Amino acid sequence: MDLDDIAARLGVGAEEIARVHGLAGDPAPAALPAKGAAPAMLERLGVGPDDAAEIMAGWPDPGSPLWTDELRWLLDRSAALVRADLGGYGWLVPGPELPRDRGPAWRHLYVYVYLALVDAVMGYHREHGVAEEVSWATLADLGRNLAVDRRMRGEGWPVMQAWLSLHWRGGVYELGRLQHQRGVGAIDLHVPDSGPLTPAAIDASLAEARAFFPVHFPDEAYTEFACGSWLLDPQLLEYLPEDSNIVRFQRRFELEPYEEAEGIDPDVEVRRFVFRTLTTPLDRLPRGTALQRAVVEHFEAGGHFQWRKGRFPLR
């Protein structure tokens with residue numbers, strides 16, 4: 001198929017299709033799990049019943065009228081693109097954002113990409129001696145993010161489809177309360193939406209990471225934990241009590257000098273994570289928690305949030 005024709009049929013930019021083709025080449029068809037085994041796998045990946053039903057309804061069966069030639073082209077090459085960087089830990093966009101209102105095959109194309117790569121990433125984990133329970137806990141972020149996207153009425157997934165490429169290449173591991181991303185000299189911390197950010201839970205997760213990486217990635221030397229997040233914005237200290245979990249988390253870090261984050265709008269990220277909506281008017285946002293009240297008050301005062309980076313020693 002002609003690349004410009006593929007782009008036109010998918011309704012995406014030709015440069016995106018050229019990027020996918022350049023990184024993936026002309027691979028074999030993506031090898032999804034047997035359809036009969038898919039429900040159990042989706043459950044292990046934390047996928048809720050409503051999302052699982054949609055995924056199964058759009059399953060890429062041979063000859064399915066839902067799966068046009070251009071969709072199958074993108075499925076095969078996006079899977080190959082991610083697989084080619086197995087072991088990588090940088091940001092990787094697996095393919096273009098698709099018009100998701102065209103049915104479950106379009107809406108969940110990147111879910112099928114990741115389902116086709118479960119065996120590959122589990123094999124990578126086994127090669128590094130990673131326990132199976134850590135593997136499944138890490139990959140279950142797929143279901144968590146699908147649930148967020150459903151709650152956000154489709155506003156969550158475009159970012160998340162790239163975020164999950166880290167998990168499926170062996171770049172991120174969920175160890176207790178935090179997710180830990182391999183890097184250069186530092187382990188980058190991420191905070192999933194999975195419960196209170198208590199000091200005890202953070203301490204336990206950091207201790208687990210200190211033990212995990214020397215065993216499973218002995219050739220990688222880490223001296224620091226690092227984080228980039230709106231959670232580290234010191235403006236939050238003006239609103240939240242000293243004993244709040246966010247304040248205590250923030251005080252672990254030595255902040256780097258402020259620089260405007262390239263490609264990140266902190267106000268959007270705050271709305272995404274605190275309220276799980278990007279379109280609700282300010283006066284209709286909930287104020288049920290101290291954090292929600294802090295964010296609304298800051299916006300009402302005409303303020304904007306900052307994406308801050310910080311770090312602290314590994315030991």
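**Exercise 1. Determine whether the end-to-end length of helix H11 agrees with its number of residues.**

Solution. Helices (H or I, at least four residues) and strands (E, at least two) are DSSP runs, numbered from the N terminus. Helix H11 covers residues 157-168, which is 12 residues. The expected span of a helix is 1.5 Å times one less than its number of residues. For H11 this rule gives 16 Å, and the end C-alpha atoms are 16 Å apart, so the two values agree.

The model is predicted: local features need pLDDT of at least 70, side-chain atom pairs count only at pLDDT 80 or more, and totals for chains, interfaces and linings use all residues. Residues are numbered from 1 along each chain as its sequence is written, and side-chain values use heavy atoms, with hydrogens and water left out.

**Exercise 2. Establish how many residues of H11 are buried, and describe what follows the helix.**

Solution. Buried means under 20% relative accessible area, exposed over 50%, and partly exposed in between (1.4 Å probe, protein chains only). By this criterion, 10 of the 12 residues of H11 are buried, and the helix is mostly covered. Among them are Trp157, Trp163 and Trp168. Just after H11, Gly170 has a positive phi of about 80 degrees.

**Exercise 3. Identify the elements against which the buried residues of helix H10 pack.**

Solution. Helix H10 comprises residues 141-151, and its buried residues include Asp141, Leu142, Gly143 and Leu146. Contact means heavy atoms within 4.5 Å. The packing partners are helix H4 (49-57), helix H7 (109-115), helix H9 (132-139), H11 and strand E2 (178-181). Just after H10, Arg153 takes a positive phi of about 55 degrees.

**Exercise 4. Describe the surroundings of Ala79.**

Solution. Begin with the location: Ala79 lies in helix H5 (residues 69-84). Next, consider exposure: Ala79 has 0% relative accessibility and therefore counts as buried. Then list the contacts: apart from neighbours within four places in sequence, Ala79 touches Ala30, Val113 and Leu117. Finally, Pro27 is 52 residues from Ala79 in sequence, yet their C-alpha atoms are 9.0 Å apart.

**Exercise 5. Assess whether the protein chain is as compact as a globular protein of its length.**

Solution. The chain contains 15 helices and six strands. Its radius of gyration is 20 Å, close to the 20 Å from the globule rule for 315 residues, so the chain is as compact as a globular protein of that length. The radius is taken over C-alpha atoms, and the rule is 2.2 Å times the number of residues to the power 0.38. Buried residues make up 51% of the 315 residues.
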